Amino acid sequence: MTCMNPQIDAHGRLHHLLDLATLSVAALDALLQRAQAFADGAQAPAALAGQAVCTLFFEPSTRTRLSFQLAAQRLGAQILNFDASTASTTKGESDLDTFRNLQAMGVRGFVIRHKADGAVAALAQAAAPGVAVVNAGDGRSHHPSQGLLDMLTLRQAKGADFSNLKVVIVGDVKHSRVARSDLHALRKLGCGEIRVCGPQVLLPDAQTLHGCVVSHDFDAALDGVDAVMMLRLQRERMVEGLVESLEAYHRDYGLTETRLRRAAADAIVMHPGPLNRGIEITDEVADGPQSWILRQVANGVAVRMAVLETVLGR
Ligand code: CP
């Protein structure tokens, strides 16, 4: 029987993590439950004993790369870090040849970030049996481990039942793989109301936004929400002429203490990082009592332990 979902092996098990769009609710929930156990202090120091895991990043990263490395280390794996600035890709070696060579060395887990949409899934197709690929962000398409850690953070703050939850995602949704993964996960977990807010030029197509309440008025979009998920303004959008000025963006879409009062009194503030302080979020909010931003980072390690254990730990 041919398996249509490349994340799932012939036995129905998750053997790559490429996206949340095609992940079942049961698989999503199992990963979140295991991640919560790791967040609570569960240990599995031998889960990946003797296995080599490579962080193969063709784009910069701080949180994702280092938390995957820490997660792999805590599970007993050997870690290899591919540095694109000093690797033979600078001499013209293809990504596929790089992947095949690392595989030939015996690497069994690949955590891959790439600027091109679909590039990680394409490399996963070249994976030998028993080799797992985890998408650490491709283009503007998917960032599944970020989506998972965001859901874990929401669960910790608001409980596992999302049916009465009101969430707003704010900013450059159009170019954000984080937003896409969050949207897939929020829908799967039955979020009561998903609002999306940003300037028209930074909002994606209608299909990406299906089921969302769309607004360009940040103050109105904040009314009574339980969670505010801010996105990084990708500054190159200014160069592209999509954003008039940083000042205008901050005025219209910056989260300030005053604005945050429109949300529910116990609303949480989230941001995937890195932060543009003073642009999409002020210092007072980012470092304030409603910020769960560093909790997201901490949850990143737990989620990535759960992911690596699931795809490689057999
Ligand atoms: N949230 C996130 O992906 O951060 P990094 O780019 O630092 O990994």
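Is Arg-262 buried, partly exposed or exposed? In this predicted model, Arg-262 is partly exposed, its relative accessible area being 40%. The legends below take up this residue and its partners, and then other close-up views.

**View 1. Arg-262 and Asp-219 are joined by a salt bridge.** The nitrogen-to-oxygen distance between the two side chains is 3.5 Å. The pair connects distant parts of the chain, for Arg-262 belongs to the loop between α10 (257-260) and β9 (268-270), Asp-219 belongs to helix α7 (residues 218-222), and the two are 43 residues apart. Asp-219, like its partner, falls in the partly exposed class, at 25% relative accessibility. A network of salt bridges links Asp-219, Arg-259 and Arg-262. In the whole structure, a search finds twelve salt bridges.

**View 2. A salt bridge connects Arg-34 with Glu-309.** The closest N and O atoms of this pair are 2.7 Å apart. Arg-34 is part of helix α1 (residues 25-39) and Glu-309 is part of helix α12, so the salt bridge ties together parts of the chain separated by 275 residues in sequence. The two partners fall into separate accessibility classes: Arg-34 is partly exposed, with a relative accessible area of 27%, while Glu-309 counts as buried at 17%.

**View 3. Arg-195 and Glu-193 form a salt bridge.** Here the closest N and O atoms lie 2.8 Å apart. Arg-195 is buried, with a relative accessible area of 10%. Glu-193 is partly exposed, with a value of 24%.

**View 4. Thr-64 makes a polar contact with Arg-113.** The contact runs from side chain to side chain, at 3.1 Å. Thr-64 is located in helix α2. At a relative accessibility of 4%, Thr-64 is classed as buried. Arg-113 also appears in the next view, as one of the residues nearest the centre of the largest pocket.

**View 5. The largest pocket has a volume of about 600 Å³.** Its lining consists of 26 residues, and those nearest the centre are Glu-59, Arg-113, Arg-177, Arg-232 and Gln-234. Two or more lining residues come from each of α2, α6 and α8 (236-239). By class, the lining comprises eleven charged, ten polar and five nonpolar residues. Domain 1 (25-142 + 298-312) and domain 2 (144-292) both contribute to this lining, so the pocket lies between them.

**View 6. The second largest pocket holds about 180 Å³ of space.** Its lining is made up of 13 residues, of which Phe-38, Ala-42, Arg-74, Val-301 and Met-305 are the closest to the centre. Helices α1 and α12 are the elements that give two or more residues to this lining. The greatest contribution is that of α12, with five residues. Eight residues of the lining are nonpolar, three are polar and two are charged.

**View 7. The largest cavity has a volume of about 70 Å³.** The structure contains two cavities of 30 Å³ or more. Arg-63, Ser-67, Gln-146, Leu-149, Pro-272, Gln-296, Val-297, Gly-300 and Arg-304 line the largest cavity. At least two of the lining residues are supplied by each of α2 (63-74), α5 (144-158) and α12 (293-312). The largest share, four residues, is that of α12. The lining divides into four polar, three nonpolar and two charged residues. Both domain 1 (25-142 + 298-312) and domain 2 (144-292) provide at least three residues each.

**View 8. The second largest cavity encloses about 30 Å³ of space.** The residues around this cavity are Asp-150, Val-178, Asp-182, Met-229, Met-230, Leu-231, Met-270, His-271, Pro-272 and Gln-296. Two or more of them come from each of α6 (177-188) and β8 (227-230). Six residues of the lining are nonpolar, two are polar and two are charged. Pro-272 and Gln-296 line this cavity and also the largest cavity.

Note on methods:
Residues are numbered from 1 along each chain as its sequence is written. This is a predicted model: local features need pLDDT of at least 70, side-chain atom pairs count only at pLDDT 80 or more; totals for chains, interfaces and linings use all residues. Side-chain values use heavy atoms; hydrogens and water are left out. On a 1 Å grid over the protein atoms alone, a cavity is a set of points where a 1.4 Å probe fits but cannot get out, and a pocket is an open set with protein on both sides within 12 Å along at least five of seven lines; lining residues have an atom within 4 Å of a point. Grid points are joined across faces, edges and corners, and a volume is the space filled by probe spheres set on the points. Ala, Val, Leu, Ile, Met, Phe, Trp, Tyr, Cys and Pro count as nonpolar, Asp, Glu, Lys and Arg as charged, and the others, Gly among them, as polar. Domain bounds come from an automatic or database domain assignment. A salt bridge is a side-chain nitrogen of Lys or Arg within 4 Å of a carboxyl oxygen of Asp or Glu. Buried means under 20% relative accessible area, exposed over 50%, partly exposed in between (1.4 Å probe, protein chains only). A polar contact is a pair of N or O atoms within 3.5 Å; within protein, one must be able to donate a hydrogen and the other to accept it, and residues adjacent in sequence count only if both atoms are side-chain atoms.
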